[in-house]
Amino acid sequence: MTFKDQIDMSRLPGHVAVIMDGNGRWAHKRGRERIFGHHQGVKAVRKTVEAAAELGIKFLTLYAFSTENWNRPDEEVSALMDLMVDSINNETHTLVEKQISLMVIGDLSRLSENVRNRLFETMKITSEGTRMTLVVALSYSSRWEISEACRRIAVAVKEGRLNLEEINEQTMSDSLTTSHIPDPELMIRTSGEKRISNFLLWQLAYTELYFTEKLWPDFGKEDFYKAVADFQKRERRYGKTSEQIAENS
Ligand code: IPE
Ligand code: IPE
Ligand code: MG
């Protein structure tokens, strides 16, 4: 029996987020440059997007480049940016065909004009896609996002559009880049690292975390199904007792 057969299609996670990690180590193991690993990583992206869309997942968020990744060697950063533009160019028609809309979260002001324009173009072209929203976190970090949200809320208060008493969890959620996206139910990280690396700190508050040793370029559809099947075996208690959960189900 494959992992796909184990999945209960009526209880799919609405939003899956992925930290795609391990490209460099994958390349290193083969005596190749890190960028070779990033190129192979694009294939894993394609498989994961396909697997998620075919299952019927509504939101898939992929962590592609963090704020901290700007500190990598210039050569790697620029190779990653080129790869990003090429991949977007190559995949736009597939996204349209599969009715997947692209959304990007992150500090886009730090991207080159070319990369930014490509992203905006693809977001526009794919905007009709209603099957799944593919959210790419690019030049993203959660602390950057939360600081920006605080600034936005402070400005609203200063300008009299919002009262101090009105600030609550909802105001905060609504001020994040993910305001129109439900919180992830499942977060997958590859490569064996067990940390969040500044990814969706607010949104992951009650997310089920799944870690796998697989390096990102080796991650395939079965690995995605396996993570979803594992997610479905868990009891999500949200602070309640197991008995309370059983009573309500
Ligand atoms: C993930 O792979 C891709 C990005 C962060 C852009 P890494 O490049 O972090 O690969 P490792 O962790 O060094 O193996
Ligand atoms: C996290 O991976 C960021 C992305 C996958 C884009 P890193 O490889 O940058 O994370 P750390 O530095 O090992 O925590
Ligand atoms: Mg890494």
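Helix H1 gives the largest share of the shell around ligand 1, with 3 residues. The model is a predicted one. H1 spans 23-29, and helix H2, at 34-55, joins it in supplying at least two residues each to that shell. The residues around ligand 1 are Met20, Asp21, Gly22, Asn23, Gly24, Arg25, Arg34, His38, Ala64, Asn69, Arg72 and Leu80. By class, 5 of them are polar, 4 are charged and 3 are nonpolar.

Consider the polar contacts of ligand 1. The side chain of Asp21 places an N or O atom 2.8 Å from an oxygen atom of the ligand. Gly22 takes part through its backbone: a polar atom there is 3.3 Å from a ligand oxygen. Asn23 also uses its backbone, with an N or O atom 3.1 Å from an oxygen atom of ligand 1. Taken alone, ligand 1 exposes 380 Å², and the protein buries 86% of that.

Now turn to ligand 2. Its surroundings are Ile19, Met20, Asp21, Tyr63, Ala64, Phe65, Ser66, Asn69, Arg72, Arg189, Arg195 and Ser197. Strand S2 gives the most to this shell, with 4 residues. By class, the shell around ligand 2 has 5 nonpolar, 3 polar and 4 charged residues.

Several residues appear around both ligands. Met20, Asp21, Ala64, Asn69 and Arg72 are listed for ligand 1 and again for ligand 2. Asp21 makes a polar contact with each. Its side chain has an N or O atom 2.8 Å from an oxygen of ligand 1, and one 3.2 Å from an oxygen of ligand 2.

Two further side chains reach ligand 2. A polar side-chain atom of Asn69 lies 2.9 Å from a ligand oxygen. For Arg72, a polar side-chain atom lies 3.3 Å from an oxygen of ligand 2. On its own, ligand 2 has 390 Å² of accessible area, of which the protein covers 78%.

Where do the ligands sit? The space taken by ligand 1 is the largest pocket. Ligand 2 sits in the largest pocket too. This pocket holds about 1,000 Å³ of space. It is lined by 46 residues, and the closest to its centre are Met20, Val45, Tyr63, Ala64 and Phe65. Among these, Met20 and Ala64 belong to the surroundings of ligand 1. Met20, Tyr63, Ala64 and Phe65 belong to those of ligand 2.

Which elements build the lining of the largest pocket? H1, H2, strand S2 (59-66), helix H3 (74-97), strand S3 (100-105), helix H4 (113-125) and strand S4 (132-140) each supply at least two residues. H3 provides the largest share, 9 residues. In the shell around ligand 1, by contrast, the largest share comes from H1. The lining divides into 22 nonpolar, 12 polar and 12 charged residues.

One more pocket remains. The second largest pocket contains about 160 Å³ of space. Its lining consists of Arg234, Glu235, Arg236, Lys240, Ile245, Asn248 and Ser249. By class, 4 of these residues are charged, 2 are polar and 1 is nonpolar.

Conventions:
Residues are numbered from 1 along each chain as its sequence is written. Chains are lettered from A and ligands numbered from 1 in the order in which they are written. This is a predicted model: local features need pLDDT of at least 70, side-chain atom pairs count only at pLDDT 80 or more; totals for chains, interfaces and linings use all residues. Side-chain values use heavy atoms; hydrogens and water are left out. A residue is near a molecule or strand if one of its heavy atoms lies within 4 Å of it. A polar contact is a pair of N or O atoms within 3.5 Å; within protein, one must be able to donate a hydrogen and the other to accept it, and residues adjacent in sequence count only if both atoms are side-chain atoms. Accessible areas come from the Shrake-Rupley method with a 1.4 Å probe; for residues, only the protein chains shown count as cover. On a 1 Å grid over the protein atoms alone, a cavity is a set of points where a 1.4 Å probe fits but cannot get out, and a pocket is an open set with protein on both sides within 12 Å along at least five of seven lines; lining residues have an atom within 4 Å of a point. A molecule sits in a cavity or pocket if more than half of its atoms lie within 2 Å of its grid points. Ala, Val, Leu, Ile, Met, Phe, Trp, Tyr, Cys and Pro count as nonpolar, Asp, Glu, Lys and Arg as charged, and the others, Gly among them, as polar. Grid points are joined across faces, edges and corners, and a volume is the space filled by probe spheres set on the points.
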